[in-house]
Amino acid sequence: MKEIGIDEVHDILYRIMVDVDGFCRREGIRYSLAYGTLLGAVRSGDFIPWDADIIMPRADFDRFVATYKGKYSCIMDVRTPEVFYVSGHAKVHDPSTNKYIGSKKFRMSYGVSLDIFPLDAVPDDEAQCDALMKKAIHTHRRLLYRSRLFPHGSPLMMLEAYMHSYDWWLERCDRIARSCRQEECRRMGVLMGARSKRNIHPKDFFEHLGEIRLREHSFPCPEDTKAYLTQIYGPTYMTPPPESERTGHGGSVWKL
């Protein structure tokens, strides 16, 4: 097994994204580029080193996870000898690759991957919204500690995480994410994986999508990319960080 560079990682990610896009278009599943993936497309028409993310309304997310059939593997709650991944959001990954974090010491049980985040309804009332997000962040983080997707945490966090099973935390995450009824709310946001209210959008977000080029392919994106990226990253989003900070999450290393 050999270590692969960031350019080859991006080539694999691009092939995954084209495959996912084709499946979604054929099946009428709504999604949008998000976060660093959209940022890279806007800045340069290519990837930035550390991100590959899309977002989907919950109904589309559920259908995608249940029905995706493509060249790669969709994982969300998978517990086999080859792959162990328990999380509140999904990945489409290339199983011929492996990911390592923390100076190559901790091997993840999946490879180069596209993250897929569901968008769930959130209350219009700000106090209720804050309370829901706080509960979602707390619960989802414990699930990640319990499933070792975050290999290290404070002793108290780890103790709480291991007080319950994977299934207990996963069910609790799912219940929290689906606790608001879409028809009763005017907003939706990423609850499983987000850390702030910057990830909350109007419910009609997916009624007004545009297209953006990333390499040779066009992908769905927010109609007003400037407003979206300003909300997520602030008004200076077009300015790249210092080169020393342009690395993968957690010092990630991929092998083929």
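User: At what angle do helix 2 and helix 7 pack?

Analyst: In this predicted model, helix 2 covers residues 35-44 and helix 7 covers residues 225-233. Their axes lie 11 Å apart. The angle at which the two helices pack is about 130°.

User: Which word describes the orientation of helix 2 to helix 7, and what is the handedness of their crossing?

Analyst: An angle of about 130° separates the two helices, and that makes helix 2 oblique to helix 7. The crossing of helix 2 and helix 7 is left-handed.

User: How many nonpolar, polar and charged residues does the contact of helix 2 with helix 7 have?

Analyst: Helix 2 contributes Tyr35, Gly36, Leu38, Leu39 and Val42. These residues meet Thr225, Tyr228, Leu229, Ile232 and Tyr233 of helix 7. By class, the contact has 8 nonpolar, 2 polar and no charged residues.

User: What distance does helix 1 reach from its first C-alpha to its last?

Analyst: Helix 1 spans residues 6-27, which gives 22 residues. At 1.5 Å a residue, 32 Å is expected. The distance in the model is close to that value, at 31 Å.

User: Which residue follows helix 1, and what is the sign of its phi?

Analyst: Helix 1 ends at residue 27. The residue that follows helix 1 has a phi near 70°. The residue is Gly28, and the sign of its phi is positive.

User: How many residues apart in sequence are the parts that Arg215 and Asp11 tie together?

Analyst: The side chains of Arg215 and Asp11 meet in a salt bridge, at 2.7 Å from N to O. Arg215 lies in the loop between strand 11 (209-214) and strand 12 (217-222), whereas Asp11 lies in helix 1. The pair therefore ties together parts whose separation in sequence is 204 residues.

Methods:
Residues numbered from 1 in each chain as written. Predicted model: local features only at pLDDT ≥ 70, side-chain atom pairs only at ≥ 80, totals over all residues. Heavy atoms only, no water. Axes fitted to C-alpha atoms, helices over the stretch in contact; angles between N-to-C directions. Helix = DSSP H or I, 4+ residues; strand = E, 2+ residues; numbered from the N terminus. Parallel < 35°, antiparallel > 145°, perpendicular 65-115°, else oblique. Left-handed = near helix turned anticlockwise from the far one by under 90°. Contact = heavy atoms within 4.5 Å. Nonpolar A, V, L, I, M, F, W, Y, C, P; charged D, E, K, R; others polar. Expected span 1.5 Å × (residues − 1). Salt bridge = Lys/Arg side-chain N within 4 Å of Asp/Glu carboxyl O.
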